[in-house]
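The exercises below ask you to work through a structure step by step, with a solution after each task.

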Amino acid sequence: MEKRKSVRTYEVTPIAPAAHASIMEYLAAEENLRGPFGGVPGIEWIWAKNGAGEGKGMKLGAYGIIVNPQAYLVGSVRNEKLALLEFGYTFQKLILHATGLGLGTCWIGGTFNRKSFARELELAEGEIIPCITPLGYAREKQRLLDTTMRYVVKADNKKPWKDLFCDSRFGQPLSPEAAGELAVPLEMVRIGPSASNKQPWRLVMSPDRRQVHFYLLHTPNYSGNKLGFQMQRIDIGIAACNFELACRELGIAGAWTMNDPGIEADSPHLEYMLSYTLS
Ligand SMILES: Cc1cc2nc3c(=O)[nH]c(=O)nc-3n(C[C@H](O)[C@H](O)[C@H](O)COP(=O)(O)O)c2cc1C
């Protein structure tokens, strides 16, 4: 999670066959595409034109933002609240798997040509392609555009703890010390990717330290929502993925629940999403 960052410029080096095989194996195991929220997203590997390997390859528009992608992972899911959460969760897990293989990735939900990808997939009624990621090896020396893009979305500018995490109620910041064993899982939420780097997660830890409630602070008039689906719900799925994987690695047992604790919101744009309950 710490190693992953958005890569928009790739080397022309083809993806190693072993890395391709590992991802295909990952995608073939259904449990990898099934998260805790229901609705199994479809994810496909598509070679980029002139990329390595067989397959027809395609010229897929990422509006010049992505250079030398060798392949893409393309996701599809029903356009529903929980399905979008699930999509964020499963696609992030896949992105972390790819990161572990040494591949660069970049969540892309806005700046790509949906139609060109939709032609390659068989979308069922009500399904959308919320996001894709290019794959390849990161070019060390970044292009000016890459640097500019990171600057524009303030990608290296992640909000501090006090802006994201609250203790018992909104308006009362949670310190890493007070978070105890959950400090690392929370930190993994903080450093995660989000659409336009809005970091719309707001988390409240319960007074007994047994629960963490996840809220979505909707960005008013967010451009990403004008694509016909709630892009920021995906960000919550990403946060849930990072949080749960960190808990698991630390041996902290728990489960997801959806039961609004009724904590008074300090913004009309806050929406309760889910809670992690320690067992
Ligand atoms: C749901 C989602 C959609 C995104 N859409 C785009 C996009 O359309 N174009 C783009 O260049 N980056 C996109 N990003 C990448 C974010 O800008 C990036 O994650 C954020 O700036 C933080 O930087 P980092 O990933 O390097 O930590 C998206 C990220 C997420 C999670």
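**Exercise 1.** In this predicted model, find which helix supplies the largest share of the shell around the ligand, and then describe the shell as a whole.

*Solution.* Start with the secondary structure: helix α8 (residues 231-249) gives the largest share of the shell, with 4 residues. Next, take the whole shell, in which 22 residues surround the ligand, the closest being Gly109, Gly110, Ala155, Pro193 and Asn197. Finally, sort the shell residues by character, which gives 13 nonpolar, 7 polar and 2 charged.

**Exercise 2.** Work out where the ligand lies with respect to domain 1 and domain 2, and describe how these two domains meet.

*Solution.* The domain assignment gives domain 1 (17-144) and domain 2 (161-278). Because both domains give residues to the shell around the ligand, the ligand lies between them. The C-alpha centres of domain 1 and domain 2 lie 24 Å apart, and the contact takes 17 residues from domain 1 and 18 residues from domain 2. On the side of domain 1 that touches domain 2, helix α2 (residues 81-100) gives the most, with 9 residues, and the residues of that side divide into 9 nonpolar, 5 polar and 3 charged.

**Exercise 3.** Decide where the predicted coordinates call for caution.

*Solution.* Begin with the protein overall, for which the mean pLDDT is 92, with 95% of the residues reaching 70 or more. Then turn to residues 51-57, over which the pLDDT is below 50, although this stretch has 14 contacts in the model beyond near neighbours in sequence. Where pLDDT is low, the predicted coordinates should not be read in detail.

Technical notes: Residues numbered from 1 in each chain as written. Predicted model: local features only at pLDDT ≥ 70, side-chain atom pairs only at ≥ 80, totals over all residues. Near = placed C-beta within 6 Å. Helix = DSSP H or I, 4+ residues; strand = E, 2+ residues; numbered from the N terminus. Nonpolar A, V, L, I, M, F, W, Y, C, P; charged D, E, K, R; others polar. Domains from an automatic or database assignment. pLDDT = per-residue confidence, 0-100. Contact = placed C-beta atoms within 7 Å.
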